[in-house]
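This report introduces a structure to a reader who has not met it before. The sequence and the structure are shown first, and the description follows.

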Amino acid sequence: MAYENLLVEKKDGVAIVTVNRPDKLNALNGRTIEELDAAFSALASDPEVRGVVVTGAGEKAFVAGADIEELSGLDAEAGRALSERGQRVFDRIEWLGKPVVAAVGGFALGGGCELALACHVRVASENASLGTPEVKLGLLCGYGGTQRLPRLVGRGAALEILLTGERVKAAEALRLGLVNRVVAREDLLAQAEALLRQMIANGPLALRATLEAVHGGLDRPLGEAQAGEAQLFGELCGTRDAREGTRAFLEKRAPRFEGR
Ligand code: COA
């Protein structure tokens, strides 16, 4: 599929997905959401891709939110449909089964903050700021943000961000655990990619299972979630990758994972 508002570049196992509407600070209009859906659907089944970096075009913004032009004038039914659509697309990113790192350079607001939250790990530039200003528009953040933010930073910190709508600067975001690392703007993409490459050097089935254990487990009672963990652990033990990984350690050599 040819994209109007996305760039997708693949190199050595990594896909870089760039939201590309810099004139509108990469705001997510309906078309961009559709394109993210199509792109992540393709990346999920692309055997060449072992991990993804998501970023925004230009110096100023990661993504400055859903497109406010499209939000004004929605009725209740259309608003609910828009929210559910965005939630499904961001769920697809979270459940990709391969690590996804957000490279947040500049504003990550509203839907942009929610996009970063749907990624597994966030690397921010020193000039980044994150927040959920929807309340200033008389709205709430409806692409999973009211649920993912408290799960990431805790209820109190999340409610302060969600209820004030104020922006959180990179250093404070780091302190809260809203982002994992803060780096110089010029190093952002390279650092995000390097972190991703550290992850994808590991067994792909182990990464997939770890993502599933964490995301599938966090919303379930501990006992049930641990039963899921044991199930996944067992499944991994039956793979060639686990035999190769353990044998390589004992033979003091680097493992050669095949993803089976
Ligand atoms: N939706 C639609 N357009 C947006 C947008 C959004 N979420 N965020 C920025 N833009 C557009 C602006 O309208 C402007 O377009 P124009 O040049 O055609 O007028 C362009 O992007 C540049 O933005 P501008 O506001 O001029 O940049 P700034 O540096 O003065 O301010 C922000 C940057 C991020 C503080 C400001 O754009 C902003 O508050 N954006 C909205 C953030 C928001 O509420 N997001 C949640 C939406 S649900």
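## Strand β5 and its surroundings

In strand β5, V100, A102 and V104 point one way while V101 and A103 point the other way, and all of these residues are buried. The strand, which spans residues 100-104, is accordingly described as mostly covered, with five of its five residues buried. The model discussed here is a predicted one.

Strand β5 has pairing partners that can be followed residue by residue. With β3 it runs parallel, and three bridges join the two strands. Within this pairing, V54 has A102 of β5 as its bridge partner. Strand β7, formed by residues 121-125, also pairs with β5 in the parallel sense, over four bridges. Here V101 stands opposite V121 of β7.

## Strand β3 and its pairing with β2

Strand β3 comprises residues 51-56, and six of its six residues are buried, so the strand is largely enclosed by the rest of the structure. Cover is found on both faces: G51, V53 and T55 are buried on one side, and V52, V54 and G56 are buried on the other.

In addition to its bridges with β5, strand β3 is joined to β2 (residues 14-19) by six bridges, and β2 and β3 run parallel. One facing pair consists of T18 and T55, the latter in β3.

## Nonpolar cores

The largest nonpolar core contains 46 residues, of which F40, V52, F62 and F90 touch the most other members. Apart from this core lies another, made of 14 residues, including I16, A192, L195 and L196.

V52 links two parts of this description: V52 is one of the buried residues of β3, and it is also among the core residues that touch the most other members.

## The ligand and its shell

Which residues come nearest to the ligand? Of the 17 residues around it, these are K24, K60, A64, A66 and I68. Three of the named residues also have backbone atoms placed beside nitrogen atoms of the ligand. A polar backbone atom of A64 is 2.9 Å from a ligand nitrogen. For A66, a backbone N or O atom lies 2.9 Å from a nitrogen atom of the ligand. The corresponding distance for a backbone N or O atom of I68 is likewise 2.9 Å. Taken alone, the ligand exposes 860 Å², and the protein buries 61% of that area.

By class, the shell is made up of 10 nonpolar residues, one polar residue and six charged residues. Two elements, α2 (68-71) and β6 (107-109), each supply at least two residues of this shell.

## Helices α3 and α4

Helix α4, spanning residues 111-118, is mostly covered, with eight of its eight residues buried. These are G111, G112, C113, E114, L115, A116, L117 and A118.

Helix α3 covers residues 76-94 and includes E94. Is E94 buried or exposed? E94 has a relative accessible area of 14%, and it counts as buried because the cut-off for that class is under 20%. The side chain of E94 makes a polar contact of 2.8 Å with the side chain of R148.

## Loop residues

Most residues other than glycine have a negative phi. Two loop residues in this model depart from that pattern. D12 has a phi near 45 degrees, which is a positive value in a residue other than glycine. D12 is found in the loop between β1 (6-11) and β2. Its relative accessible area is 66%, and D12 is classed as exposed because that value is over 50%.

L25 has a phi near 50 degrees, again a positive value in a residue other than glycine. L25 is located in the loop between β2 and α1 (30-44). With a relative accessible area of 25%, L25 is partly exposed.

P22 is found in the loop between β2 and α1 as well. At 38% relative accessibility, P22 counts as partly exposed. The C-alpha atom of P22 is separated by 20 Å from that of P133, and the two residues are 111 residues apart along the chain.

Note on methods
Residues numbered from 1 in each chain as written. Predicted model: local features only at pLDDT ≥ 70, side-chain atom pairs only at ≥ 80, totals over all residues. Heavy atoms only, no water. Core = buried A, V, L, I, M, F, W, Y, C linked by side-chain atoms within 4.5 Å. Buried < 20%, exposed > 50% of the residue type's maximum accessible area, 1.4 Å probe, protein only. Near = heavy atom within 4 Å. Polar contact = N/O pair within 3.5 Å; in protein donor to acceptor, adjacent residues only side chain to side chain. Areas by Shrake-Rupley, 256 points an atom, 1.4 Å probe, with all protein chains shown as cover. Nonpolar A, V, L, I, M, F, W, Y, C, P; charged D, E, K, R; others polar. Pairing = 2+ DSSP bridges.
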